[in-house]
Amino acid sequence: MTSPNLTGQSPKVRVATITVGTNERRWLEPCLSTLLDSDTPGIDLTVWYVDNDSHDGSTAFVEDRFPDVRVIQNRSNVGFACANNIGMRAALDDGVNYVFLVNPDTQTPKSLVRELAEFMESWTDYGVVGPMQYEYDESGSTALGAYNDWSKTALRWGEQHAFAGDWPSHPSPAGSPFGRAPNTLEHAYVQGAAFFVRATLLRTVGLFDKVFHTYYEETDLCRRARWAGWRVALLLDVGIQHFGGGGTTGSSYRRIQMRRNRYYYLLTDIDWRPLPMLRLAARWLKDDLRGRGVGGVTTWWRGTWETTEAVCWLVRRARLIRARRRAHRQLGPQAGGPARPQAGSAR
């Protein structure tokens, strides 16, 4: 990519990384040590750790092992979205230019933070970008090997919309090919495991919608960024190691959260016309009741119970859904995104 050299610039570009952990002490040594070891000439880098009510000694470990890391301790598990919001607010109050959300089960190559910042300094129409994700090397090396499962899936679906597997006829959210940065893929979203975002975007478009709690919050922020006129993309020539999977795999919590959030996301999406929206929701409902929906497979009776829980949750938030749709219609370049049609030109 064509990028400026940040070395010697004054004032320095300020970047904050934010890692949220919940009983994930085993990952914190390689995650935080590789972030702190980043090669960042011309960048003022601050590393934050937000503990989401861990009971495995994570906070004490970070404070003892990494005195340069800024620590925020939550008194309860407030979910992925809200915990990251807490970290992002602290970073924004500190005056950063960019925020980099990084999961605990990652290892960051030395040049990654600098390359992401250089890209954003050069291509000012991009509001959210992310690196490609590679398999995690437990030997401690940050060299990039093979793509992990998430990257393979992202490349397979390309620039189709978030629910292309269920409704392929809906338009792609990708921006115009005119003025696009090279070696980018305008995928439906950048995963929250490695999510690099402009502070300007966060200050104008907003942070994660805390209603999501966990799952789909980054997908929602990416669509809001696009509605406000920003580009969103994966950068194909940079990468990070990410183990992936998480501790909720196969759990009822995961299935209920993903199901309710998927409906909430769809119902608050102003790009969907009512009839296709209802048809897609009905298709999901049929599978969910059979225990064959998003978030994992289970028995039909458990699927029925979990789906009922999700539907009741949605009904109780009918007013909120209408309010979100009104707010989404107000988004546009006036919300902080770059003006069109001068999209993506290098500065």
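This report describes model confidence, salt bridges and a nonpolar surface patch in one chain.

The structure is a predicted model. Its mean pLDDT is 93, and 93% of the residues reach a score of at least 70. Residues 341-347 fall under 50 in pLDDT, and the model gives this segment 20 contacts beyond four places in sequence.

**Salt bridges**

Side chains of opposite charge can pair when their charged atoms come close. In this model the count of salt bridges comes to 21. Three of the pairs are set out below.

| Pair | Closest N to O distance | Location |
|---|---|---|
| Asp94 and Arg14 | 3.0 Å | loop between α3 (79-93) and β4 (98-102); strand β1 (residues 13-21) |
| Glu118 and Arg114 | 3.9 Å | both in helix α4 (residues 112-122) |
| Asp288 and Arg262 | 3.5 Å | helix α9; helix α8 (residues 252-267) |

The salt bridge between Asp94 and Arg14 has an N to O distance of 3.0 Å. This pair links distant parts of the chain, its members being 80 residues apart. Asp94 is partly exposed because its relative accessibility is 24%. Arg14, with a relative accessible area of 22%, is likewise classed as partly exposed.

Glu118 and Arg114 pair within one helix: they are four residues apart in α4, about one turn of the helix. Both Glu118 and Arg114 are buried.

For Asp288 and Arg262, the closest N and O atoms are 3.5 Å apart. Asp288 belongs to α9 and Arg262 to α8, so their salt bridge ties together parts that are 26 residues apart in sequence. Asp288 has a relative accessible area of 0% and is therefore buried. Arg262 is also buried, with a value of 7%. Why does 7% count as buried? The class covers residues under 20% relative accessible area.

Asp288 and Arg262 also belong to a network of salt bridges, whose other members are Asp166, Arg255, Arg259 and Glu306.

**Nonpolar surface patch**

Leu285, Leu289, Val311 and Val315 make a nonpolar patch of about 290 Å² on the surface. Helices α9 (274-289) and α10 (300-316) each supply at least two residues of this patch. Leu289 is located in α9, and its relative accessibility of 34% places Leu289 in the partly exposed class. Helix α9 thus holds both this partly exposed patch residue and the buried Asp288, which pairs with Arg262 of α8.

How values were computed: Residues are numbered from 1 along each chain as its sequence is written. Side-chain values use heavy atoms; hydrogens and water are left out. Patches are made of residues with over 30% relative accessible area and no salt bridge: like charges are joined within 9 Å, nonpolar side chains (Val, Leu, Ile, Met, Phe, Trp, Tyr) within 5 Å. Accessible areas come from the Shrake-Rupley method with a 1.4 Å probe; for residues, only the protein chains shown count as cover. A salt bridge is a side-chain nitrogen of Lys or Arg within 4 Å of a carboxyl oxygen of Asp or Glu. Buried means under 20% relative accessible area, exposed over 50%, partly exposed in between (1.4 Å probe, protein chains only). pLDDT is the predictor's confidence in each residue, from 0 to 100. Contact means heavy atoms within 4.5 Å.
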